[in-house]
Amino acid sequence: MMPRQLYDLCGRDERLRFSPFCWRVRMALAHKGLEFTTRPWRFLEKEALAFAKHDKVPVLVDGEQVVTDSFDIMRYLDDAYPQAPLFGQGASYQRARFFKHYVERSVTPALFKIVALDLLAAIHPDDRDYFRETREARFGCTLEAFHQPEQGRAQLKQALAPVYAQLKESDFLDGDTPSGADYLLFGSMMWAYTVSLEALVEAGDDIDQWFQRMLAVHDGLASKATTVRDLA
């Protein structure tokens with residue numbers, strides 16, 4: 001049987017892996033104790049994903065199974081490998097789905113304001129025109145105008161208020177150990193951390209401490225990742 005393979009977005013250096021959605025899946029696979037290899041992919045390599053009838057990563061190939069979309073992959077992992085659940089079933093799954101929407105619609109946009117131009121610099125040069133055109137069409141302004149780190153940090157702090165409250169009660173969002181909610185948020189925070197030197201939250205605050213704990217889990221999987229700090 002072929003090893004599990006995760007198609008994973010890479011940047012100007014093939015080792016630089018920054019997709020928030022791919023980081024969700026990487027952490028979920030580690031949570032399940034499943035071995036996998038990654039295959040670097042860039043924005044314009046659409047034909048490489050034709051077999052999956054999809055044009056974005058992550059794409060997980062698990063034997064005969066091909067699964068796309070990070071949340072769907074995490075749900076698939078719970079169904080196929082029920083040990084160490086990520087989401088659970090029924091109401092637990094619905095709450096996780098709500099948290100996914102919260103992260104994508106409140107947290108990630110704030111992070112984007114902080115790191116927009118750093119992200120552009122992290123992307124492979126061949127992909128930068130595509131990235132600029134698609135994102136500027138989405139935002140209705142240039143990336144230079146959208147890039148507002150101080151505004152983004154203020155927006156992020158407000159968006160993360162319920163997370164700060166949760167971390168007063170436990171080390172991780174899902175309790176004493178991390179699980180699905182932690183990986184959904186961590187994916188976005190890791191995305192920004194990987195491509196930028198900008199401070200995202202105040203050093204030493206509850207979310208910073210949570211992030212450090214997340215870097216360390218699963219034998220330090222995320223702490224070993226290449227970031228722009230390593231490429232200077």
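This is a short talk on a few helices and loops in one protein model.

Okay, before anything else: what we're looking at is a predicted model. I'll begin with helix α1, go on to its packing partner, and finish with some backbone oddities.

So, α1. That's residues 20-31, twelve of them, and the helix reaches 16 Å from its first C-alpha to its last, close to the 16 Å you'd expect. At its N-terminal end there's a cap from Ser-19, with a side-chain oxygen 3.2 Å from the backbone nitrogen of Phe-21. How many of the twelve residues of α1 are buried? Ten, so the helix is largely enclosed by the rest of the structure. The buried set includes Trp-23, Met-27 and Leu-29, as you might guess, but also Arg-24, Arg-26 and His-31.

Now step off the end of α1. Lys-32 sits in the loop that leads from α1 to β2, which is residues 37-41. Is Lys-32 buried or exposed? It's buried: its relative accessible area is 6%, and the cut-off for buried is under 20%. As for what its side chain is doing in there, it makes a polar contact with the side chain of Asp-78, at 2.7 Å. Lys-32 also touches a run of neighbours far from it in sequence, among them Leu-77, Tyr-81, Pro-82 and Leu-86. Then comes Gly-33, just after α1, with a positive phi of about 70 degrees.

On to the partner. α1 packs against helix α8, residues 180-195, with the axes 7 Å apart and an angle of about 125 degrees. That makes α1 oblique to α8. From the α1 side, the contact is made by Pro-20, Trp-23, Arg-24, Met-27, Ala-28 and His-31. Across from them on α8 you've got residues including Tyr-183, Phe-186, Gly-187, Met-190 and Trp-191. And for anyone keeping track of handedness, α1 passes α8 in a right-handed crossing.

α8 has dealings with α9 as well. Here the axes come within 11 Å and cross at roughly 95 degrees. That makes α8 roughly perpendicular to α9. On the α8 side, the residues that meet α9 include Asp-182, Leu-185, Met-189 and Tyr-193. Tyr-183, Phe-186 and Met-190 turn up here too, and I listed those three in the contact with α1 a moment ago. From α9, look for Trp-210, Phe-211 and Met-214, among others.

Between those two helices there's a loop, and Ser-196 is in it. Ser-196 is buried, with a relative accessible area of 1%. Which residues does Ser-196 touch, not counting those up to four places away in sequence? Val-115, Asp-118, Val-228 and Arg-229. Its C-alpha is also 8.4 Å from that of Ala-122, and those two are 74 residues apart along the chain.

Last bit, the backbone oddities. The peptide bond from Val-57 to Pro-58 is cis, with omega near 10 degrees. Pro-58 is in the loop between β2 and β3, and Lys-53 is found in that loop as well. Lys-53 isn't a glycine, yet it has a positive phi of about 55 degrees. It counts as exposed, at 77% relative accessibility. Asp-219 is another non-glycine with a positive phi, near 60 degrees. This one is in helix α9, and Asp-219 is exposed too, at 70% relative accessible area.

That's my tour, thanks.

Key
Residues numbered from 1 in each chain as written. Predicted model: local features only at pLDDT ≥ 70, side-chain atom pairs only at ≥ 80, totals over all residues. Heavy atoms only, no water. Helix = DSSP H or I, 4+ residues; strand = E, 2+ residues; numbered from the N terminus. Expected span 1.5 Å × (residues − 1). Buried < 20%, exposed > 50% of the residue type's maximum accessible area, 1.4 Å probe, protein only. Polar contact = N/O pair within 3.5 Å; in protein donor to acceptor, adjacent residues only side chain to side chain. Axes fitted to C-alpha atoms, helices over the stretch in contact; angles between N-to-C directions. Parallel < 35°, antiparallel > 145°, perpendicular 65-115°, else oblique. Left-handed = near helix turned anticlockwise from the far one by under 90°. Contact = heavy atoms within 4.5 Å.
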